[in-house]
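Me: I have a new structure to read. Can you walk me through its features, one at a time?

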Amino acid sequence: MGKPTGFLETDRQAGVKSPVKERIKDYKEFEGNLSASELQEQAGRCMDCGVPTCHAYGCPVKNRIPDWNDMIYRRHWKRALTLLHSTNNFPEFTGRVCPAPCEPACTLSINREAVTIRQIEKQIVERGWEEGWIQPQPAVIKTGKRVAIIGSGPAGLAAAQQLTRKGHDVIVFEKDDRIGGMLRYGIPDYKLDRSILDRRLEQLYKEGVVFETRVNVGTDLSGMYLSRSFDAVVICVGAQIPRNLEIPGRDLRGVHYAMPFLTQQNRRIAGDTIPENEVITAEGKQVIVIGGGDTGSDCIGTSIRQGAASVTHIYYQDVPPEERPLCNPWPEWPKTFKTSSSQEEGCERYWKYQTKEFIGEKGVLTGLKVAELDWTKPEDGSRGTYTEKPDSEKIIPADLVFLSIGFQHCEHGHLLMDMKLELDKRGNIKKDDNMMTGLSGIFAAGDAELGASLVVHAIFSGRQAAEGVHRYLTSERTLKISA
């Protein structure tokens, strides 16, 4: 612990965001950094709490948060970076896009504002890049074992880096034209500039990772071919099947899933030309986003930047409480009322609306029929039940609707069918404690085994899978078979 009284003397301070009127003019990152001295003060707020719940409960990758806070307070930046990288391959990604479940789990957040953990994490790794401390770490000794990784999202990249550094030969197969998965095509550039991704990919290239793009495993290559050609295979294909809203008018032009819209904007910024008949644009349109979460928020921010005439965000849930209810105690993630940076930029938010029908003329969307819900909540603050209010139906004008109601599971296509992999009740790939599926040498990581989740969960899952693969490849049994 750096400063015993730091949390008493210093108020929380995070990076300053650019003014809304300025940041909506482009797709550049808009969250600034603190000075080195300011960050030192913020790190000094970390308490000697005995049981660091931020690390043990809040952080999915088990970041050693109190340790690197202490190092920053003592100005040992390089040591802080080493501690940070010991649990997280890509802190520059999580420092930008993670919702930071570590912060509400911070002991200080019981009755004060939490330590600015995410801000400190981001600035540690950025200092590492600036100083040239982050360099490729190729393996000194090669094992001769070959590993195929299917998918280049955060889970696939984390697994690839861990296994390459162990001395294995790793090839990552990606069906898209560029590497990165959801990091490339799914997160808006104003939250994660693609140069941040590219510089980390360059490190992986130099460490020996081989990337093959435009390869759809299961179609271009069979899964069984990979299992015969490689000593191990890690499936990191993500949970890409969106939840649908099967109501009348779903086939009207103007009703879209969220991800194609977000991906298309990523491609525009990358310089790609979008075919005219495939263009989805919010410019001059009345936009409605159905469903919450980061994806819905990203649709709002992107629509505003494209010049939407209006943006409306609707939820079927009741308005969350301002304070934690009894059923949602610390250190759980607080299910309280929040406003995202995109929502700050300008949108109408409506709660307790159930979508009944998409309205249109001549096959084109013109509005959304909704009904208001009446929620009944128990006194303990738990979820409760709802009924539709009589005579509450109304039509909201709309030219464009984005469905952001979650994802189901990974695609159950040729790859899984070819390998005959067992699935759990939610449609995710089943695996054991070593992340291996029912097929020997075939592993699963990220959203393929978790279901749709956070980038930080995917990184941890990828690291776990890499450890399982390494144990498998270096086990006495495997070595004897190879010999």
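What follows is a short tour of sheets, a helix, a loop residue and a pocket.

Reply: Keep one thing in mind. This is a predicted model.

Me: Let's start with a sheet. In what order do the five strands of the open sheet that includes strand 14 run?

Reply: To read a sheet, list its strands by neighbour, then check their sense. Here the order is 3-2-1-4-14, and the pairing is parallel. Strand 3 (210-212) and strand 14 (442-444) are the edge strands, each pairing on one side only. Neighbouring strands in this sheet are turned by 20 degrees against each other on average, direction ignored.

Me: How many bridges join strand 1 to strand 2?

Reply: Five bridges join them, and the two strands run parallel. Pick out one facing pair: Ala148 stands opposite Ile171 in strand 2. Now look at cover. In strand 2, four of the five residues are buried.

Me: And at the strand 14 end?

Reply: Strand 4 (residues 232-235) is joined to strand 14 by three bridges, again running parallel. Find Val234; its bridge partner in strand 14 is Phe443.

Me: Which strands of the sheet does helix 9 touch?

Reply: For a packed helix, read its contacts, then its angle. Helix 9 touches strand 1 (146-150), strand 2 (169-173) and strand 3. Its direction makes about 170 degrees with that of strand 1. Helix 17 (residues 455-474) lies across strand 1, strand 4 and strand 14. Helix 17 runs at about 165 degrees to strand 14.

Me: What is the strand order in the open sheet that holds strand 13?

Reply: Use the same method. Five strands form this open sheet in the order 5-13-6-7-8, with parallel pairing. Its edge strands are strand 5 (255-257) and strand 8 (348-350). The twist averages 20 degrees from one strand to the next. Strand 7 (residues 310-314) pairs with strand 8 over three bridges. Ile314 stands opposite Tyr350 there. Helix 12 (residues 258-270) lies across strand 5 and strand 13, at about 75 degrees to strand 5.

Me: Now a single helix. Which residues of helix 5 are buried?

Reply: Start with the general idea. An α-helix has 3.6 residues a turn, so residues three or four places apart point the same way. In helix 5 (residues 65-73), the buried ones are Ile65, Trp68, Asn69, Asp70, Met71 and Ile72. Their cover includes helix 3 (36-43), helix 4 (53-58), helix 6 and helix 8 (117-131). After helix 5 comes Arg75, with a positive phi near 70 degrees.

Me: Why does Cys410 count as buried?

Reply: Check the accessibility. Cys410 counts as buried because its relative accessibility is 0%, and the cut-off is under 20%. Cys410 sits in the loop between strand 13 (400-403) and helix 15 (414-419). Beyond its neighbours within four places in sequence, its contacts include Val237, Gly238, Leu416, Asn428 and Ala448.

Me: Last, a pocket. Which residues lie nearest the centre of the second largest pocket?

Reply: For a pocket, ask about space, lining and chemistry. The second largest pocket holds about 320 Å³ of space. Of its 17 lining residues, Leu81, Thr82, His85, Gln137 and Arg165 lie nearest the centre. Helix 6 (77-85), helix 9 (154-165) and helix 10 (194-207) each give two or more residues to the lining. Helix 6 gives the largest share, four residues.

Me: How does that lining divide into nonpolar, polar and charged residues?

Reply: Three are nonpolar, 10 are polar and four are charged.

Terms used: Residues numbered from 1 in each chain as written. Predicted model: local features only at pLDDT ≥ 70, side-chain atom pairs only at ≥ 80, totals over all residues. Heavy atoms only, no water. 1 Å grid on protein atoms, 1.4 Å probe; cavity = no way out; pocket = protein on both sides within 12 Å on 5 of 7 lines; lining within 4 Å. Points joined across faces, edges and corners; volume = space filled by probe spheres on them. Nonpolar A, V, L, I, M, F, W, Y, C, P; charged D, E, K, R; others polar. Buried < 20%, exposed > 50% of the residue type's maximum accessible area, 1.4 Å probe, protein only. Contact = heavy atoms within 4.5 Å. Pairing = 2+ DSSP bridges. Axes fitted to C-alpha atoms, helices over the stretch in contact; angles between N-to-C directions.
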